[in-house]
Each structure stands twice: as structure tokens, then as C-alpha cells.
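Q: I am new to this structure and would like to learn how to read its features one at a time. Could you take me through them slowly?

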Amino acid sequence: MAKVYKSVGGRQLTKILALNEAVQAELDVRTFEIAVRAEELLVQHRADGHAQIDIDEGKVDRFVVLSDERGQKAALSIEYGRQASVVVRKDKDGNDYFDVVPPMDGLYILATAAHLQKKRKGKVKVD
């Protein structure tokens with residue numbers, strides 16, 4: 001039995017197509033492929049193993065995520081790079097000292113894995 005919708009244009013049609021079983025299956029396949037390529041690229045550059053590739057699933061969309069548990073915008077720095085900065089750290093005795101974090105070019109892990117352009121909008125700002 002066919003369903004007839006009053007409005008088949010715009011969002012209604014888009015939602016119907018996006019939630020189609022075949023479309024969702026293809027999204028799963030492509031998301032997995034991108035995640036595998038991203039993981040391969042990340043492993044090539046991994047220094048100490050904090051960053052990882054995750055897959056998130058929304059109601060309609062799928063997301064390949066570069067995650068880094070260290071916080072401090074680490075995943076953002078891995079993807080797009082960073083400028084040099086000076087940070088205050090504590091030594092083993094609890095004393096504060098200044099440490100220079102060197103600049104780093106972005107690795108564009110997600111952009112490369114998804115075959116997207118490697119570009120950064122604006123300059124990397126260090127707060």
C-alpha cells in the first residue's frame with residue numbers, strides 16, 4: 001500500500017529519502033570506510049596514543065569523530081595544527097614552570113579520510 005503525503009517537497013521528501021533503509025545502510029558502509037581510513041592515518045602519526053577515531057550515530061546521520069581525552073582542544077590541534085604557545089605546568093614537586101609548546105602543522109586526518117579538501121578557515125588562535 002502506498003502512502004500519499006500532502007506535501008512531498010522540501011523537508012518531508014528529504015526526510016523520507018534519508019530514512020530509507022537502503023540509504024541508511026549505505027551511510028553505515030561509508031562511515032565505516034572513512035573511519036577505517038582515518039584510523040590508518042592516525043596510527044601513522046600517533047605519538048603517545050591519546051587520540052582515537054570514534055563513530056557516532058544520530059537519528060539520520062553518521063559521524064566520524066577524532067577524539068582526544070586530554071581535552072585542551074587536542075583533537076582540533078591534530079586536525080588543523082596549532083601555533084607555538086607557552087603554558088604553565090607543574091613539576092613532580094608541585095612547582096610551576098613555563099613550557100614551550102612548539103607549533104604543529106595539521107594532519108587533516110578526517111579531511112583526508114573523507115576525501116575532503118584540506119583547508120583551514122582563518123588562523124589557528126591560541127587562547
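A: Let us begin with a helix: R30 and E26 stand 4 residues apart in helix 2 (residues 21-45), so about one helical turn separates them. Please keep in mind throughout that this is a predicted model.

Q: What do the side chains of R30 and E26 form, and how far apart are the closest N and O atoms?
A: A salt bridge is read from the distance between a side-chain nitrogen of Lys or Arg and a carboxyl oxygen of Asp or Glu, which must be within 4 Å. Here R30 forms such a bridge with E26, and the closest N and O atoms are 2.8 Å apart. R30 is exposed, with a relative accessible area of 51%, while E26 is partly exposed at 37%.

Q: How many salt bridges does the structure hold?
A: It holds 5 salt bridges. Another of them joins the side chains of D99 and R89, again with 2.8 Å from N to O. Because D99 lies in strand 5 and R89 in strand 4, this pair ties together parts that are 10 residues apart in sequence. D99 is partly exposed, with a relative accessible area of 26%, and R89 also counts as partly exposed, at 35%. The side chains of K90 and D96 meet in a salt bridge as well, at 2.8 Å from N to O, and both of these residues are exposed. Finally, salt bridges that share partners join D28, E57 and R62 into one network.

Q: In which sense do strand 4 and strand 5 pair, parallel or antiparallel?
A: They pair in the antiparallel sense, over 6 bridges. One example of bridge partners is V87, which is matched with D99 in strand 5. The two strands form a hairpin with 5 residues between them, and in the turn G94 has a positive phi of about 90 degrees.

Q: Which residues form the nonpolar patch on the surface?
A: A general idea helps first: in a regular strand the side chains alternate between the two faces of the sheet. In this structure the patch is formed by V86, V88, F98 and V100, which together have about 450 Å² of accessible area. The elements that give two or more residues to the patch are strand 4 (85-90) and strand 5 (96-101).

Q: Is V86, as one member of that patch, buried or exposed?
A: V86, which has its place in strand 4, is exposed, because its relative accessible area is 56% and the cut-off for exposed is over 50%.

Note on methods. Residues are numbered from 1 along each chain as its sequence is written. This is a predicted model: local features need pLDDT of at least 70, side-chain atom pairs count only at pLDDT 80 or more; totals for chains, interfaces and linings use all residues. Side-chain values use heavy atoms; hydrogens and water are left out. Patches are made of residues with over 30% relative accessible area and no salt bridge: like charges are joined within 9 Å, nonpolar side chains (Val, Leu, Ile, Met, Phe, Trp, Tyr) within 5 Å. Accessible areas come from the Shrake-Rupley method with a 1.4 Å probe; for residues, only the protein chains shown count as cover. Buried means under 20% relative accessible area, exposed over 50%, partly exposed in between (1.4 Å probe, protein chains only). Two strands pair if DSSP finds at least two bridges between them.
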